[in-house]
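Me: I am new to this structure. Please give me a close look at a single part of it, and explain each term as you go.

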Amino acid sequence: MVSIQDTEFTIDDGRIESLEEYLSPEKLYEDLISRVKKYHPSDDISIIARAYRVANEAHQGQVRKSGEPYIVHPLYVAIILADLELDKETIVAGLLHDVVEDTILTKEEIASLFGDEVALLVDGVTKLQHFDMEDSHANVDKEKIEIQAENLRKMFLAMAKDIRVIMIKLADRLHNMRTLSHMPPEKQQRIARETLDIYSPIADRLGISRIKVELDDLSLKYLHPDVYADLTRQIAVRKVEREKYIQSIVNEVSAHIKNAGIEAKIDGRVKHFFSIYKKMVNQNKTIDQIYDLFAVRIIVDSVRDCYAALGIIHEIYKPIPGRFKDYIAMPKPNMYQSLHTTLIGSSGQPFEIQIRTYEMHRAAEYGIAAHWKYKEASDGRKAGAGEEEKLAWLRQILEWQRDLSDNAEFLNLLKSDLDLFSDSVYCFTPTGEVKNLPAGSTPIDFAYSIHSAVGNRMVGARVNGQLVNIDYVINNGDRVEIITSQNSKGPSRDWLNIVKSTQARNKISQWFKQELKEENVARGKELILDFCKSRGVNPADISKQEYKDAIMRKYGFHDWDSVYAAVGHGAIKEGQVVNKLLELFDADHKKNMTDEEILESVRASAKKITKIRPGSAGILVKGTDDLAVRFSKCCSPVPGDEIVGFVTRGRGISIHRSDCANLASLCEHDRGRIIEAEWQQEEEITGKYPAEIMIYATNRTGLLADISRILTENNIGIITLNTRVNKQNLVTMNTTFEISSREELSRVIEKIRAVPNVVDIERTKG
């Protein structure tokens with residue numbers, strides 16, 4: 001069978017966005033039932049019919065942003081779940097997933113109507129409704145990180161109880177992404193970023209490529225609308241020509257496969273938009289310069305036929321060296337299996353061929369849902385063996401949840417783990433066991449992938465029989481042997497800068513926390529005392545047990561020694577702990593004091609300060625002229641900004657921009673500490689002031705040089721400049737430089753904004 005798959009959304013693969021304009025709830029319900037009956041062993045759909053009636057009645061009168069009846073949304077969610085061929089309980093929970101959140105119906109009422117299993121699924125999805133990840137470019141404060149991590153913990157705990165919860169959530173997110181055009185632009189961006197960072201990788205982890213691919217493409221549509229529109233236009237321009245080219249390859253391949261006596265289904269397609277976009281960004285090319293835009297898929301009956309078809313293909317076309325991947329012998333971590341090879345066509349045009357069995361194809365499309373089996377008996381559904389393998393990563397995450405008390409560390413580990421799918425390297429143990437590691441992994445990563453004890457006792461490594469350094473980068477096919485010693489003193493802290501895998505980094509950190517706890521406690525105590533001394537703070541004043549209890553609750557520690565240990569090994573900063581204790585002390589002791597009493601207290605403390613320059617630096621503070629004044633580093637005010645003063649204990653007055661993001665939290669307990677401040681007359685202000693901006697751009701050669709040249713040409717002194725590039729080749733550049741006024745800063749920002757590839761510039765607000 002030969003077919004061409006269009007790049008547009010089609011009803012064949014469950015993408016039914018184009019039908020939403022004219023399908024009524026009744027027609028959608030009929031469509032849902034017909035889809036369920038195609039795969040479900042039971043003809044009894046009464047529970048689904050009852051769920052539809054209950055959901056329809058519960059959502060009566062509610063409408064979506066698009067103006068359509070709200071019931072349309074749960075119906076589409078249920079249809080997506082039916083396309084994954086899930087059990088009736090999941091379909092019912094999909095229909096009811098919003099009723100507890102948005103209607104008067106309760107979990108108990110759902111249990112009485114549909115049973116405890118459905119009620120638990122609905123409850124699990126309801127608890128994830130407010131899950132929210134900040135934009136990865138944003139400067140999130142500690143409190144937001146705590147909320148993010150807590151939400152993620154809830155998500156994975158819900159997944160551990162029943163994986164169907166996250167599958168319903170993925171279906172919910174997919175339909176919301178399909179209808180995102182009805183949301184305001186800022187919400188479109190936030191939801192699309194969250195989808196790309198969290199939901200798409202989870203779909204990938206579960207092996208559900210049909211959902212992952214669509215989430216990626218829709219995220220691109222809203223994160224980079226111009227790029228998406230341009231891709232759509234350019235692909236459409238040569239659509240007929242491309243289809244003709246693909247069809248010619250399909251016909252040619254089909255003839256040879258048929259002559260060899262192999263039964264096969266063969267189709268061709270243009271790769272999806274996000275895949276093309278990533279290739280353009282990573283290779284810094286235009287679409288016309290990317291040649292392997294096409295993929296031909298061969299689906300056969302057996303593994304033997306896969307390799308036989310591969311031999312035939314390599315006889316017809318010339319394979320490109322280094323572009324063959326055998327994911328059948330060495331499956332991806334999500335158990336994806338297929339043969340991939342890139343070839344040169346008769347016209348000189350490269351294209352990719354994927355060869356797999358029908359079972360592998362089903363697993364690639366449906367992922368964990370492909371292993372769902374049903375029993376109408378009381379024991380409920382049974383999962384196949386493939387499900388356990390796909391959930392190995394979830395068990396690892398649950399271990400992190402138990403081991404990591406620091407939410408920021410958990411969040412970083414999780415994000416990097418979800419991002420590991422971009423590239424992998426396959427290597428072997430001395431006994432021939434295959435290990436799948438992130439690209440760039442070292443023997444240290446390999447050792448910890450075997451066991452923590454092997455990594456902790458590692459003293460060296462051999463690769464292919466030769467001794468190598470511990471920072472050797474493992475290549476595909478390497479045979480790695482770890483040399484251990486009982487006399488080893490354990491891992492080095494330097495290893496944390498060498499390893500690539502989340503697993504290894506976590507195990508090394510755990511070793512330092514456990515083995516060196518006493519040392520970390522002593523170091524943490526010393527760091528906190530030194531910080532207090534440098535700020536003129538009496539440790540006894542802030543050591544009240546109720547203050548400590550609040551800190552332990554905030555960071556999730558069980559005793560104060562654990563706080564010391566966390567500071568000692570760097571999980572949290574001593575300043576975070578002391579400043580929070582000071583806030584609690586101030587709130588406790590100064591809530592009844594007048595502004596004048598607060599100022600008098602600060603004057604007394606300010607006399608101890610010797611490192612802060614006195615405050616004539618262009619600032620006039622209402623009601624005082626003898627206090628130490630310092631500029632806040634969190635928002636870096638410059639002349640021309642609207643400013644206020646904040647009275648600190650023991651550190652004089654800190655000057656903030658009035659739009660500083662930290663200001664609200666600083667004065668949360670006592671607004672009386674805000675004091676009026678203003679700049680002196682412009683002619684009286686001299687000197688330079690630090691200003692900090694964030695620059696977002698798509699990466700290219702010479703970008704950093706172009707931005708640096710603008711600063712140099714305008715006689716701007718650079719204090720710091722840090723850049724990072726993510727997997728999508730997007731650059732985030734943080735720079736601090738000296739400026740004389742807000743007007744000068746605006747001029748510099750506009751010049752940088754005109755640099756090619758610069759997408760946006762933000763001034764930091766704390």
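Reply: Start with one pair of residues: Met694 has Glu762 in strand 23 as its bridge partner. Strands here are DSSP runs of E, at least two residues long; helices are runs of H or I, at least four long; both are numbered from the N terminus. This is a predicted model: local features need pLDDT of at least 70, side-chain atom pairs count only at pLDDT 80 or more, and totals for chains, interfaces and linings use all residues. Residues are numbered from 1 along each chain as its sequence is written, and side-chain values use heavy atoms, without hydrogens and water.

Now widen the view. Strand 20 covers residues 689-698. It runs antiparallel to strand 23, and 5 bridges join the two. Two strands count as paired if DSSP finds at least two bridges between them.

The sheet comes next. It is open, has 4 strands and follows the order 21-22-20-23, with antiparallel pairing. Strand 21 (718-725) and strand 23 (758-763) are the edges. Each has a single partner strand, so one side of each has no neighbour in the sheet. From one strand to the next, the twist averages 15 degrees. Such angles run from 0 to 180 degrees between N-to-C directions, with axes fitted to C-alpha atoms, for helices over the stretch in contact.

A helix packs on this sheet: helix 30, residues 742-753. It touches strand 20, strand 22 (730-739) and strand 23. Contact means heavy atoms within 4.5 Å. The direction of helix 30 makes about 160 degrees with that of strand 23.

Which side chains in helix 30 form a salt bridge? Those of Arg753 and Glu750, at 3.6 Å, N to O. The term requires a side-chain nitrogen of Lys or Arg within 4 Å of a carboxyl oxygen of Asp or Glu. The two residues are 3 apart in helix 30, about one turn. Arg753 is partly exposed, because its relative accessible area is 33%. Glu750, at 48%, also counts as partly exposed. Buried means under 20%, exposed over 50%, partly exposed in between (1.4 Å probe, protein chains only).

Last, the nonpolar cores. The largest has 104 residues, and Leu32, Ile48 and Leu96 have the most contacts inside it. Another core, of 31 residues, lies apart from it; Ile643, Leu711, Val748 and Ile761 are among its members. A nonpolar core is a set of buried Ala, Val, Leu, Ile, Met, Phe, Trp, Tyr and Cys residues joined through side-chain atoms within 4.5 Å.
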